[in-house]
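Work through the exercises below with the sequence and the 3D structure at hand. Try each task before reading its solution.

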Amino acid sequence: MTVYRPPARKRLTQDERRAVYERCNGHCAYCGFELETMHQLHVDHVIPMEFYELYEVEGYDLDSMDNFLPACCSCNIYKHTYRLEKFRAAIERMPDVLQRDAATFRHAVRFGMVEIKQHPVVFYFEATGVDVPSLHWDAEIEKKYRTGEQK
Ligand SMILES: [Zn+2]
């Protein structure tokens, strides 16, 4: 049995890193944190590389500028291999996770020091209207397979 492994990730040039950094005007595409320098930039694969083969068959390269967004360290680590909607759901669950796991958090809520404001998560790149080409690929692939069209 052959286990599929995605190809080694492309090493970005300084110009490519700069272009990713500027895509959201120096902010993390997810939480909006200001990345003060290029050193704080983490280049995130919006659609994770573990789906590389599926997209490659359809002619899409997940290891390309079309699939990169700038991220802060925290978002990049927290998102890890999540697709966008799973990442969003994980963030929306954070108050419940804190209530379950963090006694200090529960205590602070009881004393009114912390107030939970549950709301749908809108990512910074969505709120600011940044277009992400790879997110259109999903729609194409879904449409194709839903209609049963074969390549
Ligand atoms: Zn972030």
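A residue is called buried when its relative accessible area is under 20%, exposed when the value is over 50%, and partly exposed in between. The structure shown is a predicted model.

**Exercise 1.** Find where Gly 129 sits in the chain, and decide whether Gly 129 is buried or exposed.

Solution. Step one is the location: Gly 129 belongs to the loop between α7 (124-127) and α8 (133-147). Step two is the accessibility: the value for Gly 129 is 59%, so Gly 129 counts as exposed. Step three looks at a residue remote in sequence: Cys 24 is 105 residues apart from Gly 129 along the chain, and their C-alpha atoms are separated by 9.5 Å.

**Exercise 2.** Identify the protein donors of the zinc ion and name their arrangement.

Solution. First list the donors: the SG atoms of Cys 28, Cys 31, Cys 72 and Cys 75 lie 2.3 to 2.4 Å from the zinc ion. Next read their spacing along the chain, which is C-x2-C-x40-C-x2-C. Then check the angles. Four donors count as tetrahedral if all angles lie between 85 and 135 degrees. Around the zinc ion the four donor atoms subtend angles of 106 to 113°, so the arrangement is tetrahedral. Finally, apply the accessibility cut-offs to two of the donors: Cys 28 has a relative accessible area of 0% and is therefore buried, whereas Cys 31, at 49%, is partly exposed.

**Exercise 3.** Describe how helix α5 and helix α6 are placed relative to each other.

Solution. Two packed helices are described by the angle between their axes and the distance between the axes. The axes of α5 (residues 94-101) and α6 (residues 103-110) come within 6 Å and cross at roughly 105°. Therefore α5 is roughly perpendicular to α6. By class, the contact of α5 with α6 has five nonpolar, one polar and three charged residues. On the α5 side the residues include Pro 95 and Leu 98, and on the α6 side they include Phe 105 and Val 109.

**Exercise 4.** Which element holds His 45, and which residues does His 45 contact outside its neighbours within four places in sequence?

Solution. His 45 lies in strand β1, residues 42-45. With a relative accessible area of 9%, His 45 is buried. Leaving aside neighbours within four places in sequence, His 45 is in contact with Arg 9, Leu 62, Asp 63, Asn 67, Phe 68 and Lys 79.

Technical notes. Residues numbered from 1 in each chain as written. Predicted model: local features only at pLDDT ≥ 70, side-chain atom pairs only at ≥ 80, totals over all residues. Heavy atoms only, no water. Donors = N, O, S within 2.8 Å, 3.2 Å for Na, K, Ca; no water. Tetrahedral: all angles 85-135°; square planar, octahedral: opposite > 155°, others 65-115°. Buried < 20%, exposed > 50% of the residue type's maximum accessible area, 1.4 Å probe, protein only. Axes fitted to C-alpha atoms, helices over the stretch in contact; angles between N-to-C directions. Helix = DSSP H or I, 4+ residues; strand = E, 2+ residues; numbered from the N terminus. Parallel < 35°, antiparallel > 145°, perpendicular 65-115°, else oblique. Contact = heavy atoms within 4.5 Å. Nonpolar A, V, L, I, M, F, W, Y, C, P; charged D, E, K, R; others polar.
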